[in-house]
Amino acid sequence: MAGEHTGFNGPVRGGTPWHEECGIFGIYAPGRDVARLTYYGLFALQHRGQESAGIAVAGGRHIAVHKGMGLVAEVFNEDNLRILKGDLAIGHVRYSTTGASSLVNAQPLVFRYLRGMVAIAHNGNLTNAHELRRELGAGGSIFQSSTDSEIIVNLIARHSREPIAAALRRCQEELRGAYSLVVMTEEQLIGVRDPHGVRPLCLGKLGEAWVLASESCALDTLGADFIRDLEPGEIVIIDGRGVRSLQGPRASHRAHCIFEYVYFARPDSTLDGETVNLVRRELGRNLAREYRVAADAVIPVPDSGIAAAAGYAEVAGLPFVEGLMKNRYVGRTFIQPTQEMRDLGVRLKLNPIKPILKDKRVIIIDDSLVRGTTSRRIVAMLRQAGVREVHLLVASPPVFHPCYYGIDTSARGELIAAQYTLEDIRRHVDADSLHYLSLEGLFSSVKRGAEEFCAACFTGRYPIPIPSPEEATKYSLEG
């Protein structure tokens, strides 16, 4: 939904509110069809990235890989899954947060170094990517992609005299930013989480097999048992000897991404002891405790607004109505060269049920409001459907600051809350009223204290040093 809208005092760039990060998966299952199991695991994580998908499989002395642009079902078929034979595998679904959306940047990355072959899949962003790339380049390293993930590959190679787990432990001392990794040699599967634990990674068991995944929903899909989340800074090694753990550097405090709970994670996932659906319901309940609006019904923006809307309706004592239907067969964003086509793109994804909405005063609940463009189109659709009043309530605080830790958000100048007042935004989206959840309401929706989360997009308090504006752009490594 790219484009520009000239509203109130200046332009607000269009676009989907947030872009996903990446999803990673790994399995150690000798004697089983690890490629197909990884395929199913990636299907469960498809919501985390839709640009490319890949699977690497290790068997004996070789690692085979197949990857391509598109969704999991578009990249893989019976023929290419059949040839991926081995005892362990890793997989990746990508939304590009550093580097262009191209096949050369698709993961897993597979390479050969002093100790053999290694494959890696990465979720997150390195905030010192430029510094490390300059240093590695000066030392003779060659880069074939424009992703920060390849920097990790070169660091592993630099420490190649040590076993892979020890090399990764050395890498952790040099890396800064957010990262969860699954790494695979010909015989070992390894999971790594950054010292702050910004991005999620969990461990599961499927019979005698072991599984690593970004979210527990991937374990559920396979019928695997959830064992635990990896600790911040932890390295988990899985091989023929079983599972063992190596504790790497740990920050003075955790900084789990709060937006995983607001939007990114699937509602049936459990992250760091919090069930996402229950957190979102509590966000809605707290929103109702803070703002009561006279209305006839509460409707969600599907899908991420559903749980919050149910929570709001429960506390407010109002009917919960599915007033917007989502076309679940619409995947990636279409090319939309004109304003008319951009508006059609929203209608392809969402359609109001007119008989339910006509002449009603409705509260519409969304998970977040970043640029305001999509919200404006949804409000316009509701008014065209005959809605009498539209009250937009947002189940998270205003987004004032960009993310540097693995989410492709806009620059600060494109974030509507950073540029305009609440009343300006209300007029822009054409709602009868507009309310955001407070920071207090956000943090009281989770069990852990506020100090254990990264909420920099709301507060501007970044737990990890951020890059300069010139180095923070998505395509800054292209050169």
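A residue is called buried here when its relative accessible area is under 20%, exposed when it is over 50%, and partly exposed in between. Because aspartate 432 has a relative accessibility of 36%, aspartate 432 counts as partly exposed. The structure discussed in this report is a predicted model, and every value below is computed from that model.

**Overall composition**

The protein chain has 479 residues, of which 60% are buried, and its secondary structure comprises 17 helices and 25 strands. Its accessible surface amounts to about 18,600 Å², with carbon and sulfur atoms contributing 51% of that area. Among the contacts in the protein chain with a separation of 6 or more, 70% are between residues 24 or more positions apart.

**A parallel four-stranded sheet**

In general, the strands of a sheet pair through backbone hydrogen bonds, in either a parallel or an antiparallel manner. One open sheet in this model consists of four strands in the order E19-E22-E23-E24, and the pairing is parallel. Strand E19 (297–300) and strand E24 (433–436) each have a single partner strand and stand at the edges, so one side of each is left without a neighbour in the sheet. Averaged over the sheet and with direction ignored, neighbouring strands are turned by 25° against each other.

The pairing of E19 with strand E22 (residues 361–366) is parallel and rests on four bridges, and within this region valine 298 stands opposite isoleucine 363 in E22. Two helices can be described in relation to these strands. Helix H10 (residues 306–316) lies across E19, E22 and strand E23 (389–394), and runs at about 165° to E19. Helix H13 (residues 373–384) also packs on the sheet, where it touches E19, E22 and E23, while its direction makes about 150° with that of E23.

**Salt bridges**

The structure contains 29 salt bridges, and three of the pairs are listed below with their N to O distances.

| Acidic residue | Basic residue | N to O distance |
|---|---|---|
| Glutamate 131 | Arginine 176 | 3.8 Å |
| Aspartate 432 | Arginine 383 | 2.9 Å |
| Glutamate 423 | Arginine 427 | 3.5 Å |

The side chains of glutamate 131 and arginine 176 meet in a salt bridge. Glutamate 131 belongs to helix H4 (residues 129–138), whereas arginine 176 sits in the loop between helix H6 (164–174) and strand E9 (177–184), so this pair ties together parts that are 45 residues apart in sequence. Glutamate 131 is partly exposed at 41% relative accessibility, and arginine 176 is likewise partly exposed, at 30%.

Arginine 383 forms a salt bridge with aspartate 432. Arginine 383 lies in helix H13 and aspartate 432 in the loop between helix H15 (422–429) and E24, so the pair ties together parts that are 49 residues apart in sequence. Arginine 383 counts as partly exposed because its relative accessibility is 26%.

Glutamate 423 and arginine 427, which also form a salt bridge, both lie in helix H15, four residues apart, or about one turn of the helix. Glutamate 423 is partly exposed, with a relative accessibility of 37%, and arginine 427 is partly exposed as well, with a relative accessible area of 47%.

Beyond these pairs, a network of salt bridges links Glu231, Arg250, Arg254, Arg448 and Glu452.

Note on methods: Residues are numbered from 1 along each chain as its sequence is written. This is a predicted model: local features need pLDDT of at least 70, side-chain atom pairs count only at pLDDT 80 or more; totals for chains, interfaces and linings use all residues. Side-chain values use heavy atoms; hydrogens and water are left out. Buried means under 20% relative accessible area, exposed over 50%, partly exposed in between (1.4 Å probe, protein chains only). Contact means heavy atoms within 4.5 Å. Accessible areas come from the Shrake-Rupley method with a 1.4 Å probe; for residues, only the protein chains shown count as cover. Two strands pair if DSSP finds at least two bridges between them. Axes are lines fitted to C-alpha atoms, for helices over the stretch in contact, and angles run from 0 to 180 degrees between N-to-C directions. A salt bridge is a side-chain nitrogen of Lys or Arg within 4 Å of a carboxyl oxygen of Asp or Glu.
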